[in-house]
Amino acid sequence: MTEIQDHRSLIEKLGVDIDAELLDLALTHRSYAFEHGGIPHNERLEFLGDSVLSLAVTSMLYERFPSDAEGTLSRRRAGVVSMVALAAVARELGLGAHLKLGRGEERTGGRDKDSILADATEAIFGAAYLSAGRTAALSLVQRLIAPLVDDPDRYGAVGDPKTAVQELAARMGVAPPAYEVTAEGPAHDRRFTAVVRVGDREATGQGVSKKQAEMAAALRLWQDAQDAPARA
């Protein structure tokens, strides 16, 4: 079975004909590459995909919000290209199940870490650009990002999840969100884990900074709350 067949469900969701080797590379995390003799991993594709993402989102927002000033457009863009937004897109695609991770990341839940999911999503955008060209890659990004822009509540939560969770707490009639953050790893490669609690709800998020971890946790709690009635 080839890699393209292994990832058939993902290819169908993407709707873009991506070269099998490039797709495999986009899904290869550096932890896996290190454990397999230093083979190539997805960080170069991620670098390329970041530029594809920025151009696609910038042009989409420019067309959809003709009355917005530059500052407003910049804030909108920051929300939908953020790590938490890209991780949300990755989860919609079921991307975590397709990742190639090292044993350490497997043990620590790497398939659902926002940072890993976001990076792999950008790498896929880069692979789409190289495989199918500029137009197809920009269209892919805009199609995946559009639900965030079209849903005001979800867009607001992704762009500013901590405020969304504060508003959730107010609606529930409970105390404001409480965050607990822990860190691990050496100073040059620090990883943060945040736990946020609202009433009897709780969610966890990870990131490369305290702020990212708190945002990831807040977005996860907000998303969970949409799936069930709020309760104090």
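## A three-stranded sheet

In β3, G205 is the residue that bridges to A194. That pair belongs to the contact between β2, which covers residues 191–198, and β3; these two strands run antiparallel and are joined by seven bridges. Keep in mind as you look around that this is a predicted model.

Zoom out a little and you'll find an open sheet of three strands, ordered β1-β2-β3, with antiparallel pairing. The edges are taken by β1 (178–184) and β3 (201–207), each of which pairs on one side only. Going from one strand to the next, the twist averages 15°.

## Two hairpins, two glycines

Start with β1 and β2. They pair in the antiparallel sense, over seven bridges, and A183 has F192 in β2 as its bridge partner. Together β1 and β2 make a hairpin with six residues between them. Look for G185 in that turn: its phi is positive, at about 100°.

Now follow the chain on to the β2 and β3 hairpin, where two residues sit between the strands. Here the turn holds G199, again with a positive phi, this time about 60°. For another pair to click on in these strands, try R197, whose bridge partner in β3 is E202.

## The largest pocket

How much space lies in the largest pocket? The figure is about 530 Å³. Its lining counts 22 residues, and the ones nearest the centre are R30, E105, S115, D189 and R191. As for which elements give two or more residues to this lining, they are α5 (43–64), α9 (114–132) and β2. So β2 turns up twice in this report: it pairs with β3 in the sheet, and it helps line the pocket.

What kind of residues make up the lining, nonpolar, polar or charged? The split is five nonpolar, eight polar and nine charged.

## Charges over rings

Two aromatic residues have a basic side chain over the ring face. One is F65, with R76 lying over its face at 3.7 Å from the ring centre. The other is Y179, where K162 lies over the face at 4.8 Å from the ring centre. Y179 is also worth finding for its place in the sequence, within the 178–184 stretch of edge strand β1.

And how many aromatic pairs are there? By the rule used here, which asks for ring centres within 6.5 Å, the count is zero.

Key: Residues are numbered from 1 along each chain as its sequence is written. This is a predicted model: local features need pLDDT of at least 70, side-chain atom pairs count only at pLDDT 80 or more; totals for chains, interfaces and linings use all residues. Side-chain values use heavy atoms; hydrogens and water are left out. Two strands pair if DSSP finds at least two bridges between them. Helices (H or I, at least four residues) and strands (E, at least two) are DSSP runs, numbered from the N terminus. Axes are lines fitted to C-alpha atoms, for helices over the stretch in contact, and angles run from 0 to 180 degrees between N-to-C directions. Rings of Phe, Tyr and Trp (its six-membered ring) pair if their centres lie within 6.5 Å; planes under 30 degrees apart count as stacked, over 60 as edge-to-face and the rest as tilted. A charge sits over a ring if NZ of Lys or CZ of Arg is within 6 Å of the ring centre and within 35 degrees of the ring normal. On a 1 Å grid over the protein atoms alone, a cavity is a set of points where a 1.4 Å probe fits but cannot get out, and a pocket is an open set with protein on both sides within 12 Å along at least five of seven lines; lining residues have an atom within 4 Å of a point. Grid points are joined across faces, edges and corners, and a volume is the space filled by probe spheres set on the points. Ala, Val, Leu, Ile, Met, Phe, Trp, Tyr, Cys and Pro count as nonpolar, Asp, Glu, Lys and Arg as charged, and the others, Gly among them, as polar.
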